[in-house]
Amino acid sequence: MNILGHNIGVCSWSLRPTSEGDLVEKVRALELSHVQLALRGLLQLDDAARQEAQSRLRESLLTFTAAMVSFAGEDYSSIQSIKLTGGYVPDDRWDERRELTLRAAKLASEMGIKLLSTHVGFIPRGNDSHYASIVDRIRWLSANLAPLGVDLIMETGQESSNELLQFLNNLSCKNVGINFDPANMLLYGSGDPIDAVRTLGRHIRHVHIKDAVASKKPGLEWGTEVAFGDGQVPHAQFIEALHTVGYTGPLVIEREAGDDRMGDVAFAIETLENIEGQQRKPVDPPKGVRNFE
């Protein structure tokens, strides 16, 4: 499915599949063929089971826009808890998460997937004593993913767009970019998503279609995720901003809350179709101007 000049996909974890076959069935029911694939479940299988699962996915002829890796021990119960436990920031988790990321990148490479997304964690401010170590950790990952032909793409959300841009400039790693999620900017209270697209434009390699309502205490309490089309992300302006910065990649629907995931993904597709319909709607000529077509 192509809307607004983009391939439309869905995050595998949003559909809560019970098996590879169930994932394929749900994706097909949505009339989609593009998927961002969570790898953690596959990595937990033994070699034989993993090879079998990979074969089923290969036979499905789905196109995988990117892979995703998450980590045990990440606590999303509050913004404060994920700040302490998320991504590559905790010193006591770095070794295991580094190795899991490398395993995920190798698996992605085997499957022909060129992008691996993750939340790297709350990046400390530049004047924080821990900042240099986070820069070093992401550079290590960049150097070890490069021979595999895999780019690391960082989820937006925790930092302001200016802070994230400074971090990317300090990294100076060609194979590290952004998985842009507009809802996360609202959920974390880290800034306006449209301004963030403009700031981070050239670094955006993959985009999530997700929506949210901001918290009344931004940065202290979570906002609320809602189906794309029901929240405060300015939907048409978001797509326009992506086009303005030259983004031509997939738009991948993510839904991490709610009891009707299939319905919410379908609603997101309808929202995108409505935006496309509005863009195609003919503009009436100004009064007094004749149309000679």
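Buried means under 20% relative accessible area, exposed means over 50%, and partly exposed is in between, with a 1.4 Å probe and protein chains only. Helices (H or I, at least four residues) and strands (E, at least two) are DSSP runs, numbered from the N terminus.

The model is predicted: local features need pLDDT of at least 70, side-chain atom pairs count only at pLDDT 80 or more, and totals for chains, interfaces and linings use all residues. Residues are numbered from 1 along each chain as its sequence is written, and side-chain values use heavy atoms, with hydrogens and water left out.

**Exercise 1. Find which residues of helix 3 are buried and which are exposed, and say what the buried ones pack against.**

Step 1. Start with the span of helix 3 (residues 47-59): its 13 residues should cover 18 Å at 1.5 Å a residue, and the end C-alpha atoms are indeed 18 Å apart. The expected span is 1.5 Å times one less than the number of residues.

Step 2. Now look for the buried positions of helix 3, which are Arg50, Ala53, Gln54 and Leu57. They cover an arc of only 100° around the axis, so they sit on the same side of helix 3. This arc is taken from the directions from the helix axis to the C-beta atoms.

Step 3. Turn to the other side of helix 3, where Ala48 and Glu59 are exposed.

Step 4. Contact means heavy atoms within 4.5 Å. The partners of the buried residues of helix 3 are helix 1 (20-29), strand 3 (34-38), helix 2 (40-43), strand 4 (63-68) and helix 5 (94-110).

**Exercise 2. Describe helix 5 and what covers its buried residues.**

Step 1. The 17 residues of helix 5 should span 24 Å at 1.5 Å a residue, which agrees with the 24 Å between its end C-alpha atoms.

Step 2. Among the buried residues of helix 5 are Trp94, Arg98 and Leu102. Their cover includes helix 3, helix 4 (79-85), strand 5 (115-118) and helix 6.

Step 3. Just after helix 5, look at Gly112, which takes a positive phi of about 75°.

**Exercise 3. Is Trp140 buried, partly exposed or exposed, and which residues does Trp140 touch?**

Step 1. Locate Trp140 in helix 6 (residues 131-145).

Step 2. Its relative accessible area is 31%, so Trp140 is partly exposed.

Step 3. Not counting residues up to four places away in sequence, Trp140 touches Trp94, Arg98, Glu99 and Leu102. For Arg98, the C-alpha distance to Trp140 is 8.9 Å, although the two are 42 residues apart in sequence.

**Exercise 4. Work out how helix 10 and helix 11 meet, then place Thr271 in the picture.**

Step 1. Two packed helices are described by the angle between their axes and the distance between the axes. The axes of helix 10 (residues 235-244) and helix 11 (residues 261-280) come within 10 Å and cross at roughly 70°. Axes are lines fitted to C-alpha atoms, for helices over the stretch in contact, and angles run from 0 to 180 degrees between N-to-C directions.

Step 2. That crossing makes helix 10 roughly perpendicular to helix 11, a label for angles of 65 to 115 degrees; under 35 is roughly parallel, over 145 roughly antiparallel, and the rest oblique.

Step 3. His235, Ala236 and Ile239 of helix 10 meet Thr271, Leu272 and Ile275 of helix 11.

Step 4. Pick out Thr271 in helix 11. With 10% relative accessibility, Thr271 counts as buried. Leaving aside neighbours within four places in sequence, Thr271 is in contact with Phe228, Gly229 and His235.
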